[in-house]
Amino acid sequence: MGILSAILLTPAIGALVLALLPSRYPDFARGIGKLFTSIAFLLACYLLVSFDSHDAGMQFYEYFSINPKIGSAYALGVDGLSMPLVVLATLLTLISLLASAGIANNVKGYNIGILLSEFGMLGVFLAQDWSLFYIFWEITLIPMFFLIDRWGGKRRQTASINFVLYTMSGSIFMLVSLVAVFQYVPEQVSLMSAMTHVSENMPKNQQVWAFLGFLIGFGVKMPIFPLHGWLPLAHVEAPSPVSIMMSGVLIKMGAYGLLRVVVMLPTAAHTLQPLLVFLALFGIIYGGLLAWRQSDLKAMVAYSSISHMGIILLGISTLNEVGLTGAVLQMSAHGLIAGGMFMVVGMLYERTHTRNIQDYSSLVQVMPRFAFFTTIILLAAMGMPGSIGAVAELHAVVGGFQQWGGLMVFFSLGILISSAYAIRTIGLLFTGPVKPQMKQIEDLRPPELLALSVLVGGIVLFGLLPASLVELSAATISQMNGLIRLRILGG
């Protein structure tokens, strides 16, 4: 078994082990869950160390034919686009379990759900066959539905049903587009490497329709306006550790899929560039304004995710190397930042049982360690220089300026709005007199301190020394950009 199969199957094996154990030992179930997520993370770290960042192609490739008649195969591979997402998925899954101490009901089932979610997400990032990609894409729906429905808030049933209906509806469009594209693959296989040449045979108008189908399918998961309806309620009602996974990793699946499709259908992406940049800039401003007016901390973070995903879409819409680099960097940046934000909100709610920002003040006197980490995360969310968020946004705006020029004034407006809600949140949480009901709040516990140190350390380290993260994807992005340019000019 190769290293990629080992990473992929580790959480599935962990879920199977848990399923065979009795439910009356919740602490043992927690330990098993953390053990297998830790093993997956360590394997991902080993993969990262072994990964050759100068090689633009697929590495550690594994192939096994599943159904020769339809050309599907168990094909796994990792390149500069998927490598950071594999590490991010394993890291945030482990952090989610570290932050799950407050889950007391059916701990065994909860850990199984987390492990199966990790299995599905890793499958999406590692799959090099579109059929396999689609299977893993759908697998993520099932555990995430139960995690929201069983362990969520008061409106958890509505949130879980909305999540499934939105995502399944988008999946239908994606499936139809995949079938349409498959008809023009000469080899009649669904390998991603074979389908990247489909634009040479597929008529341009059909490419555009297929790309629109992919845009809807992946846009629901990202999510982009106006396909974002499921996100705020799902984030607010889901347990905070599940929100860490959902915002940190799950919604990146949409952006990752869209990047793969842009390489497969570059002519259609070029034709629809004005639509992509409009959706991106509108989403940045729209998400920021909605985040600014929220009094519920979790809702604020949820709407800020729409704005940050707009930055990823902006990078993709440029179809140039700098912009694509910004999109890939923003996926990693938002994973760390949103994961950290949902973690601190969850810890605060666990201690105070309120998410209303007006209920807090001067927490810096009561929870100094919490205030330190939260302030850094919020500053990173607004793109403060010295954070990974600033590096990603700088690449996106430079790539956008190269392609769109003065249109980037709307991006600047979005950054101003994000600064407004970040500074407002810092002010309301940490300034003013200490309220009587907030005088006895416990500061960060050791597991929480460890998890936040890792996230904030990543935010600051890659903000001050971004070269290693940029170089990790540089060769792959350069190759992708070259293929896009070649096919656009050739078309």
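User: Which residues of helix H6 are buried?
Analyst: This is a predicted model. Buried here means under 20% relative accessible area. In H6, the residues that meet this are Leu141, Pro143, Met144, Leu147, Ile148, Asp149 and Trp151.

User: What do the buried residues of H6 pack against?
Analyst: Their partners are helices. H4 and helix H5 (130-139) are among them. The full set is H4, H5, helix H7 (156-182), helix H9 (204-221), helix H10 (231-237) and helix H11 (240-250).

User: Are H4 and H6 roughly parallel or roughly antiparallel?
Analyst: Two packed helices are described by the angle between their axes and the distance between the axes. The axes of H4 (residues 107-126) and H6 (residues 141-151) come within 8 Å and cross at roughly 150°. Angles over 145 degrees count as roughly antiparallel. Therefore H4 and H6 are roughly antiparallel.

User: How many nonpolar, polar and charged residues are in the contact of H4 with H6?
Analyst: From H4 come Gly109, Tyr110, Gly113, Ile114, Leu116 and Ser117. They meet Pro143, Met144, Leu147 and Trp151 in H6. By class, the contact has seven nonpolar, three polar and no charged residues.

User: In which sense do strands E1 and E2 pair, and over how many bridges?
Analyst: E1 (residues 59-67) and E2 (residues 72-78) form a hairpin with four residues between them. Phe64 stands opposite Tyr74 in E2. The pairing is antiparallel, over six bridges.

User: Which residue in the turn of the hairpin has a positive phi?
Analyst: The turn joins E1 and E2. Its phi is about 75° at one residue. That residue is Gly71.

Definitions and conventions
Residues are numbered from 1 along each chain as its sequence is written. This is a predicted model: local features need pLDDT of at least 70, side-chain atom pairs count only at pLDDT 80 or more; totals for chains, interfaces and linings use all residues. Side-chain values use heavy atoms; hydrogens and water are left out. Axes are lines fitted to C-alpha atoms, for helices over the stretch in contact, and angles run from 0 to 180 degrees between N-to-C directions. Helices (H or I, at least four residues) and strands (E, at least two) are DSSP runs, numbered from the N terminus. Angles under 35 degrees count as roughly parallel, over 145 as roughly antiparallel, 65 to 115 as roughly perpendicular and the rest as oblique. Contact means heavy atoms within 4.5 Å. Ala, Val, Leu, Ile, Met, Phe, Trp, Tyr, Cys and Pro count as nonpolar, Asp, Glu, Lys and Arg as charged, and the others, Gly among them, as polar. Buried means under 20% relative accessible area, exposed over 50%, partly exposed in between (1.4 Å probe, protein chains only). Two strands pair if DSSP finds at least two bridges between them.
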